[in-house]
Amino acid sequence: MMRGNVSTFVFILALVALGRTVMSEYNFAVNETLENSTFNLAMFQEMKECVTGWQPCSFTIVGNLILVLLYGVVLGYSAKLISDGAELLLDLGLPAAIIGGVVLPLLGAVPDSAMIVASGIGGDRDDAQKEINVGMGTLAGSTIMLLTIPWLASLIIGRVDIVNGEGIDNKCSKFSIKSLWKQGITVCPDVTRSAIVMLITTIPYFIVQGADWHFGPTKPFPATVNGTVPNPPNYMRYTSLATAVLAFVFFIAYLVYQILDSVSSKRKAAEKQKELIKRRVIRQFYLTQQKMFAKTSTNDDSETKPLLNSEEGQKHLENKYFKTWKVSKGLSKKKEEEEEEKKAEQEEEKNERKWKIALKSFLQMIIGVVLVTLFSDPMAGALTAITDKTHTGYYGNYIPIGTFYVSFVVTPICSNASELISSLMFAAKKKKINSSMTYSQLYGAATMNNTLCLGIFAILVYARELNWEYSAEVTVIILIEFAVGLTAIFAGFLYKHTYMLFLGIFIGALYILSLVMIAVLENVANWK
């Protein structure tokens, strides 16, 4: 397995090297052409840097599309490495509450966080104002994509027949029109709580966006003044800082909640299992005694039956035979000790392999983080270059759409590939517990975007003194989250936590609707 990962990693590096060589040769040829024609000095300097720099780059639409595909493969592989490495920590015997509640959600948010940082930290202020659109596209696209496309796909793949309002594991009839309300999935109650938590963590959005709604979400100032981005109003800076602080507070609170909720759930599950065993033993002894009394009773039959059927008689038998159960546990103690010795020997063998698992986990996470760090900035640059009409090089050689829309579609697929694939794999098992894990993961990912990723984005806006030009995007994020969250709560409290198939049509349509709403708000309503 480790050898396979190393081979894949080497292949990725070779792919990057090949891309670097091809694009350098291509750009060099373009550069030679430019030297014999009229060109801008800044354009020539940028071309020289592109040819001699370490990372692949291009000045054409086709070249940048190739680079976006290349960087997308690298970032997708990086996200998978981080996810796989974090999951290996569970094999080391570390507390599941810490791994599942803190490590996995935190590392899962690393690719998106890196893209946001890369989009706003480099270059001068004017460049940051343009490139941070990639960061907002990543934040909005990741949140909306995870709450719509995987939500619908998991519902279709994991659907089972609904009987008496609840899904039946592994029972799925042939699809028909009636399946829209006769098939679906049932999740555990904690999934509904995850949806509620997701909605609570949207509060930081309302600080900066609420101020923008109050002062006017339309575009009151030109994009540039004498070629320079104007300074933001004071309310933008202060509310961006307040948004960042509250988002980070919610992030820490969410991690604590995850730990406490995980521990509490395990404790409750253990207590329920223990109580279930007791009840089964008591019930078995009680039934056995009933049969025995029924066979041996003769003339005094009228006296024993009332005793057995009365509440007092049942309590007497439960106390008597529960003590017997405890004694039988003591008699089997020796056998348990022998089994413990065997387990101890097996544990010793496992401990010898633990250091290998730890090393593999560490290497996978480190390599994944390094790749994300290295290639997030080039990815942001390539996405910006595709749609930047002021980009030097061949004038007019760009796609006439906003950078936001490209990053909205492309980067979430790369950075959330592991969540997307794992959610579908869980749903395919067509069991309640697996479907619950799928939707908990999707709501949890959205919560991480609402806290950690939003906090990073807002602090960049504050620190770089950027303008908040995302009223349309943030408004749509909030609307989509509430639409999905309220649907989950509605299904949880009214339909026994069952998502019927017809709900998927509504949720899936929200993805396309979100793009339409953003376009209408920006181009028709003239929002920022």
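The following exercises, each with a worked solution, concern a predicted model.

**Exercise 1. The sheet**

Determine the strand order of the open sheet and identify which strands stand at its edges.

Solution.
Step 1. Begin with strand 1 (residues 160–163), which pairs with strand 3 (residues 183–186) in the antiparallel sense over two bridges. Within this pairing, Val 160 stands opposite Gly 184 of strand 3.
Step 2. Strand 1 also pairs with strand 2 (residues 166–167), again in the antiparallel sense and over two bridges. Here Ile 162 stands opposite Gly 167 of strand 2.
Step 3. The complete sheet is open and has four strands in the order 2-1-3-4, with antiparallel pairing.
Step 4. Strand 2 and strand 4 (498–500) each have a single partner strand, so they stand at the edges, and one side of each lacks a neighbour in the sheet.

**Exercise 2. The hairpin and a side-chain contact**

State which residue takes a positive phi in the hairpin of strand 1 and strand 2, and decide whether Gln 183 counts as buried or exposed.

Solution.
Step 1. Two residues lie between the strands of the hairpin formed by strand 1 and strand 2, and Asn 164 takes a positive phi near 55°.
Step 2. Gln 183 belongs to strand 3. The relative accessibility of Gln 183 is 1%, and the cut-off for a buried residue is under 20%; Gln 183 therefore counts as buried.
Step 3. The side chain of Gln 183 makes a polar contact of 3.0 Å with the side chain of Asp 161.

**Exercise 3. The salt bridge**

Identify the residues that form the salt bridge, locate them in the chain, and classify the accessibility of Arg 237 and of Glu 465.

Solution.
Step 1. The structure contains one salt bridge. Its partners are Arg 237 and Glu 465, whose closest N and O atoms are 4.0 Å apart.
Step 2. The pair connects distant parts of the chain, with 228 residues separating the partners: Arg 237 is in helix 10 (residues 234–296), while Glu 465 is in the loop between helix 16 (432–463) and helix 17 (471–494).
Step 3. Arg 237 has a relative accessible area of 22% and is partly exposed. Glu 465, at 33%, is partly exposed.
Step 4. A further pair involves Arg 237: its C-alpha is 9.3 Å in space from that of Ile 459, although 222 residues separate them in sequence.

**Exercise 4. The nonpolar cores**

Describe the largest nonpolar core and find which helix supplies its largest share.

Solution.
Step 1. The largest nonpolar core comprises 67 residues, and those with the most contacts inside it are Met 136, Trp 151, Tyr 439, Tyr 443, Trp 468 and Tyr 499.
Step 2. Several helices each supply at least two residues of this core, including helix 6 (125–157), helix 10, helix 14 (403–415), helix 16 and helix 18 (501–523).
Step 3. Helix 16 provides the largest share of this core, namely 13 residues.
Step 4. Another core, of 28 residues, lies apart from it, and its members include Tyr 71, Leu 89, Leu 107 and Cys 414.

**Exercise 5. The nonpolar surface patch**

List the residues that make the nonpolar surface patch, and find the element that gives the largest share.

Solution.
Step 1. The patch, of about 690 Å², is made by Ile 196, Ile 200, Ile 203, Phe 490, Phe 493, Leu 494 and Tyr 495.
Step 2. Helix 8 and helix 17 are the elements that give two or more residues to it. The largest share, three residues, comes from helix 17.
Step 3. Phe 493 is one of the residues of the patch and is found in helix 17. With a relative accessible area of 60%, Phe 493 is exposed.

**Exercise 6. A residue in helix 18**

Establish where Val 520 lies and how far apart Val 520 and Ala 472 are in space.

Solution.
Step 1. Val 520 is located in helix 18, and at a relative accessible area of 41% it is partly exposed.
Step 2. From C-alpha to C-alpha, Val 520 and Ala 472 are 8.8 Å apart in space, with their positions 48 residues apart in sequence.

Methods
Residues numbered from 1 in each chain as written. Predicted model: local features only at pLDDT ≥ 70, side-chain atom pairs only at ≥ 80, totals over all residues. Heavy atoms only, no water. Salt bridge = Lys/Arg side-chain N within 4 Å of Asp/Glu carboxyl O. Buried < 20%, exposed > 50% of the residue type's maximum accessible area, 1.4 Å probe, protein only. Core = buried A, V, L, I, M, F, W, Y, C linked by side-chain atoms within 4.5 Å. Pairing = 2+ DSSP bridges. Patch = residues over 30% accessible without salt bridge, like charges linked within 9 Å, V, L, I, M, F, W, Y side chains within 5 Å. Areas by Shrake-Rupley, 256 points an atom, 1.4 Å probe, with all protein chains shown as cover. Polar contact = N/O pair within 3.5 Å; in protein donor to acceptor, adjacent residues only side chain to side chain.
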